[in-house]
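This report goes through one protein chain, with attention to its pocket, its surface and its charged pairs. The sequence and the structure come next, and the text should be read beside them.

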Amino acid sequence: MSLKILVVYGSYRTDRRGIRLAHYVLEGLRRRGDDALLVDAKAVGLPMLDRMYKEYEKGTAPPAMESLAADIRGADAFVFVVGEYNWAFNRASRI
């Protein structure tokens with residue numbers, strides 16, 4: 001049974017390296033037969049988030065947001081690939 005899985009990568013940095021891991025995960029899921037889709041925050045083209053999707057009247061959200069919402073609603077699972085900058089995860093536990 002094929003699952004629809006979104007691989008979400010959220011870094012906008014110029015020298016981001018985690019995108020390579022996102023592509024690796026994406027290809028691995030596809031090789032095992034899943035319908036995997038990369039959601040790259042830098043490439044999606046969402047407007048600056050000053051309103052949540054649910055705050056728009058039906059059919060009035062920006063097109064990129066509407067398309068992403070449809071992908072999210074149709075997904076069976078999500079994989080989040082996150083960059084680690086300035087020891088973000090380790091530092092938070094020490095503060």
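A pocket, as the word is used here, is an open set of grid points where a 1.4 Å probe fits, with protein on both sides within 12 Å along at least five of seven lines. The model is predicted, and every value below was computed from it. In this model the largest pocket holds about 300 Å³ of space. Its lining comes from 14 residues, and those that lie nearest the centre of the pocket are L46, Y53, M65, L68 and I72. Strand 1 (4-9), helix 3 (63-74) and strand 3 (77-81) are the elements that each give two or more residues to this lining, and helix 3 gives the most, with four residues. What classes of residue line the largest pocket? The lining has 14 nonpolar residues, while polar and charged residues are absent from it.

**The chain as a whole**

The secondary structure of the protein chain consists of four helices and three strands, which follow one another along the sequence in the pattern β-α-β-α-α-β-α. Of the 95 residues in the chain, 22% are buried.

**A nonpolar patch on the surface**

I72, which is among the residues nearest the centre of the largest pocket, also takes part in a nonpolar surface patch of about 410 Å², together with F78, F80 and V82. V82 sits in the loop that runs between strand 3 and helix 4 (88-94). Is V82 buried or exposed? Because exposed means over 50% relative accessible area, V82 counts as exposed, with its relative accessibility of 54%.

**Charged pairs**

Side chains of opposite charge can pair when their charged atoms come close. The structure has four salt bridges by the rule applied here, and three of these pairs are set out in the table, including the N to O distance and the relative accessibility of each partner.

| Salt bridge | N to O distance | Relative accessibility of the partners |
|---|---|---|
| K4 and D71 | 3.7 Å | K4 22%, D71 21% |
| E27 and R30 | 3.3 Å | E27 36%, R30 38% |
| R32 and D34 | 2.3 Å | R32 59%, D34 8% |

The side chains of K4 and D71 meet in a salt bridge at 3.7 Å. This pair links distant parts of the chain, as K4 belongs to strand 1 and D71 to helix 3, with their positions 67 residues apart along the sequence. K4 counts as partly exposed at 22%, and D71 is likewise partly exposed at 21%.

The pair of E27 and R30, by contrast, lies within helix 1 (residues 18-31), where the two residues are three residues apart, about one turn of the helix. E27 counts as partly exposed, with 36% relative accessibility, and R30 is also partly exposed, at 38%.

In the salt bridge between R32 and D34, the N to O distance is 2.3 Å. Which of the two partners is exposed, and which is buried? R32 is exposed, with a relative accessible area of 59%, whereas D34, at 8%, counts as buried because the limit for that class is under 20%.

**Two C-alpha separations**

Two further pairs of residues can be located by the distance between their C-alpha atoms. L3 lies in the segment before strand 1 and is partly exposed, with a relative accessible area of 26%. Although L3 and A77 are 74 residues apart along the chain, their C-alpha atoms are separated by 7.6 Å. P63, for its part, is found in helix 3 and counts as exposed, with a relative accessibility of 68%. The C-alpha atoms of P63 and P47 are separated by 9.7 Å, and the two residues are 16 residues apart along the chain.

Notes: Residues numbered from 1 in each chain as written. Predicted model: local features only at pLDDT ≥ 70, side-chain atom pairs only at ≥ 80, totals over all residues. Heavy atoms only, no water. 1 Å grid on protein atoms, 1.4 Å probe; cavity = no way out; pocket = protein on both sides within 12 Å on 5 of 7 lines; lining within 4 Å. Points joined across faces, edges and corners; volume = space filled by probe spheres on them. Nonpolar A, V, L, I, M, F, W, Y, C, P; charged D, E, K, R; others polar. Patch = residues over 30% accessible without salt bridge, like charges linked within 9 Å, V, L, I, M, F, W, Y side chains within 5 Å. Areas by Shrake-Rupley, 256 points an atom, 1.4 Å probe, with all protein chains shown as cover. Buried < 20%, exposed > 50% of the residue type's maximum accessible area, 1.4 Å probe, protein only.
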